[in-house]
Amino acid sequence: MKILLIEDEIELAKSIQNYFTHNSFVCEWVDCKEAAIDKICCYDYDCILLDLMLPDGDGIEILKKLRSLNKTEGVIIISAKNGLDTRIEGFNEGADDFLVKPFHLSELMVRVQALIRRRQFSGISKVVFNEIEIDVFAKSVVVGENEIKLTKKEYALLLFLIANKGRVLSKSAIAEHLSGDMADMLDNFDFIYVHMGRLKSKLKAAGGNDYIKTVHGLGYKWING
Amino acid sequence: MGKELLNKISWVYIGYSVLILLVLAPLFYYVIDEINLEDVEESMILRRDEFVTYNLPEFKVEDIQKWNEFNRDVKIQPGNEVAKDTVFHTYFYDELADENEPYLVLYSPITIEGKEFTYFTRIDLVETPDLVMSFVWLFLLVIVLLLIGLFFITRYLSGRLWQPFFEILKQVEQFELDKTTTLSFPQSTIQEFNQLSRSLEKLINKNTLIYKSQSEFIENAAHELQTPLAIFKAKVEELIQREDVTEGQAKELSILSNNIVRFERLNKNLLLLSRIDNDTFEGKGKIQVNDIIARSIDFFEEQAAVKGIKVSVIGAESCDVMANIDLVEVMLHNLFMNAIRHNILDGDINIHIQSNSITFSNTGHQTPLEQEKLFRRFSKGNPSQKGTGLGLSIVKKIVDQNGWQIDYNYNNCLHAFTIKF
């Protein structure tokens with residue numbers, strides 16, 4: 001998987017690049033509009049991460065350029081601007097998703113993967129991890145031979161964990177992923193224990209291995225088989 | 001409450017007028033009396049002179065008896081009683097009126113046919129008590145007319161002349177800095193009122209400008225903070241991935257991570273507050289309050305369950321409001337979260353929806369909250385709590401902006417917030 005990161009904050013770009021590289025993505029990075037346009041003219045990407053406020057112009061223009069080139073890359077806008085106008089303009093110009101800074105890297109990861117899945121029409125609707133098979137269209141989960149019934153939150157949690165396999169997920173990242181904007185109001189993330197516990201026991205009951213590891217004090221981790 | 005300015009002025013005028021009238025009344029009386037006396041004296045002397053000029057040359061001694069018979073007020077008396085003209089006051093008994101009447105009397109020596117006689121004449125004077133009484137009545141009438149006149153003039157003035165002033169006053173009273181109401185002061189023909197409205201306009205415009213730039217500043221600051229915050233967050237997330245993190249470091253990292261969340265939330269709430277101030281939420285529509293509660297109830301029940309809190313929603317009536325849906329959501333969610341946050345273990349939350357109000361009541365601390373601090377920014381009932389201290393001020397702002405009303409009361413160990421739409 002190859003993604004293009006267009007972001008002028010060096011440190012943030014480095015962190016994103018690191019995170020994606022670690023999960024076997026190829027992540028190219030440019031820090032201005034000009035360089036970004038050069039890149040998209042010459043190469044194809046699976047996904048583009050776009051910051052709107054660039055030193056040499058508005059990121060929206062890159063979206064327009066993509067369209068004029070008839071490119072079909074999925075685009076996720078990552079921006080500090082959160083106005084409704086900005087969002088609408090972004091979506092109108094062909095962006096697929098919008099993530100407001102500051103965000104969790106793990107959240108960005110799961111969104112990128114979901115976007116890539118949606119964009120590939122070649123029938124890859126399945127996320128497979130060892131004996132666990134998730135059909136993202138049917139939203140069904142099979143462990144070995146057994147299908148298991150998950151609640152909406154448990155399902156989202158499972159996908160989130162697998163998308164970020166091998167990475168430590170903080171409780172706040174998990175809570176935000178599960179509750180969306182509502183997570184802003186939470187002052188403790190204790191409710192995720194409940195979902196985590198149920199998910200664990202359902203996977204176990206269906207004969208799956210225990211991949212969910214508690215990282216003391218920090219959060220959870222889906223360990224690589 | 002003081003007195004009305006106009007009344008105050010009127011009373012001063014009236015007081016002064018009455019004082020002057022009272023002081024001048026005796027003086028008036030004295031002057032009138034003097035003029036009268038002088039006039040009477042002059043006419044007596046004139047009468048004497050006429051007698052001396054026209055009658056005396058042909059006057060005979062035998063005429064005296066006849067003369068005295070027909071003239072009551074001019075008599076010729078025998079003898080030389082006075083050496084020269086003498087004028088004095090005296091009283092004569094009036095048989096007809098049965099009283100003593102005051103008179104001014106003139107005695108003057110005359111000579112008829114070589115014999116010396118005394119000319120006597122008198123003129124009836126105004127009786128002193130009569131004069132005093134008429135003066136008293138006259139002055140009372142003046143005072144009464146003054147009072148009545150001033151009363152009506154005051155009423156007319158306060159009604160008409162002061163009308164622009166009261167119009168200005170009304171507008172200023174209703175004006176609120178954080179609301180986007182525009183003031184239009186009336187043009188008046190009175191210079192002072194125009195000056196007043198000009199100064200007020202200037203003052204208000206300047207303050208509105210300052211207020212706006214301040215809330216813009218908050219918005220910009222919150223925005224600018226987002227990028228460094230994003231880097232901070234990403235770096236912490238990277239750090240926790242490291243395999244060589246010790247348990248102690250993990251603890252510190254988790255504290256860092258929690259505080260980033262807090263920081264982020266504060267920033268978001270500040271942004272929200274200033275955006276409500278700047279009226280960025282425009283689109284209004286018909287919203288069902290019941291729907292919003294129904295849609296979010298799962299989320300909140302989940303949160304409540306962690307503390308063993310029971311949530312019950314009562315309300316068969318549907319509650320419709322016209323407002324911006326995002327803001328109504330923020331408002332209701334904040335109140336809901338508040339009821340969970342400040343609750344006790346195994347407590348209760350009741351949400352009561354009526355056709356034009358919603359009440360969140362919850363168990364919690366056994367003491368009522370301080371009313372005036374409730375909606376103030378960053379005032380927390382319990383400093384150890386993790387809330388941003390902005391939740392209720394956001395709620396209040398949304399309530400105010402929509403012209404609704406929020407009340408807090410503490411009853412039967414329940415803290416209740418009611419919004420009346």
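Contact here means heavy atoms within 4.5 Å. Keep that in mind as you work through the exercises; the model is a predicted one.

**Exercise 1. Work out how many residues of chain A and of chain B are in contact, and what the interface is made of.**

Step 1: start with the head count. On the chain A side 41 residues take part, and they meet 37 residues of chain B.

Step 2: look at the area. Chains A and B bury about 3,500 Å² between them, with carbon and sulfur atoms giving 56% of that. Three residues stand out on the chain A side: Pro102(A), Met185(A) and Asp187(A) supply 20% of the area that chain A buries against chain B, more than any other three residues.

Step 3: go through the polar side of things. There are 14 residue pairs in polar contact between the two chains, both residues being at pLDDT 80 or more. Sort the chain A side by class and you get 15 nonpolar, 14 polar and 12 charged residues.

**Exercise 2. Find the salt bridges between chain A and chain B, and say which elements of chain A touch chain B.**

Step 1: count the salt bridges. The two chains share 4 of them. One to click on is Glu176(A) with Lys233(B), where the closest N and O atoms are 3.8 Å apart. The cut-off for such a pair is 4 Å, so this one counts.

Step 2: list the elements. In chain A, α1 (10–22), α5 (105–119), β12 (168–170), α7 (171–179) and α8 (191–205) each bring at least two residues to the side that touches chain B. The largest share, 6 residues, comes from α1(A).

**Exercise 3. Trace the open sheet β8-β9-β10-β11 of chain A: which strands stand at the edges, and which helix packs on the sheet?**

Step 1: set the order. The 4 strands run β8-β9-β10-β11 in chain A, and the pairing is antiparallel.

Step 2: find the edges. β8 (126–129) and β11 (146–148) of chain A each have a single partner strand, so one side of each has no neighbour in the sheet. From one strand to the next, the twist averages 20°.

Step 3: zoom in on one pair. β10 (residues 140–143) and β11 of chain A are antiparallel partners over 3 bridges, and Val143(A) sits opposite Asn146(A) in β11(A).

Step 4: add the helix. α6 (residues 152–163) of chain A packs on this sheet and touches β8, β9 (132–135) and β10 of chain A, its direction making about 115° with that of β9(A).

**Exercise 4. Do the job again for the open sheet of 5 strands in chain B: what is the strand order?**

Step 1: read off the order. In chain B it goes β6-β8-β9-β11-β10, and the pairing is mixed.

Step 2: pick out the edges. β6 (310–314) and β10 (405–411) of chain B have a single partner strand each, so one side of each is left without a neighbour in the sheet. Neighbouring strands are turned by 15° against each other on average, direction ignored.

Step 3: check a pair. β9 (residues 357–362) and β11 (residues 414–420) of chain B run antiparallel, joined by 6 bridges. Opposite Ser357(B) you'll find Lys420(B) in β11(B).

Step 4: place the helices. α7 (residues 289–306) of chain B packs on the sheet, where it touches β6, β8 (348–354) and β9 of chain B, and its direction makes about 170° with that of β6(B). α9 (residues 391–401) of chain B lies across β10 and β11 of chain B, at about 135° to β10(B).

**Exercise 5. Explain why the salt bridge between Lys101(A) and Asp51(A) ties together separate parts of chain A, then look at the peptide bond from Lys101(A) to Pro102(A).**

Step 1: find the pair. The closest N and O atoms of Lys101(A) and Asp51(A) are 3.3 Å apart.

Step 2: locate both ends. Lys101(A) is in the loop between β7 (97–100) and α5 of chain A, and Asp51(A) is in the loop between β3 (47–50) and β4 (53–54) of chain A, so the pair links parts 50 residues apart in sequence.

Step 3: move one residue along. Most peptide bonds are trans. The one from Lys101(A) to Pro102(A) is cis, with omega near -5°. Pro102(A) lies in the loop between β7 and α5 of chain A.

Key
Residues are numbered from 1 along each chain as its sequence is written. Chains are lettered from A and ligands numbered from 1 in the order in which they are written. This is a predicted model: local features need pLDDT of at least 70, side-chain atom pairs count only at pLDDT 80 or more; totals for chains, interfaces and linings use all residues. Side-chain values use heavy atoms; hydrogens and water are left out. Buried area is the accessible area (1.4 Å probe) that two parts lose on being put together, summed over both. A salt bridge is a side-chain nitrogen of Lys or Arg within 4 Å of a carboxyl oxygen of Asp or Glu. A polar contact is a pair of N or O atoms within 3.5 Å; within protein, one must be able to donate a hydrogen and the other to accept it, and residues adjacent in sequence count only if both atoms are side-chain atoms. Ala, Val, Leu, Ile, Met, Phe, Trp, Tyr, Cys and Pro count as nonpolar, Asp, Glu, Lys and Arg as charged, and the others, Gly among them, as polar. Two strands pair if DSSP finds at least two bridges between them. Axes are lines fitted to C-alpha atoms, for helices over the stretch in contact, and angles run from 0 to 180 degrees between N-to-C directions.
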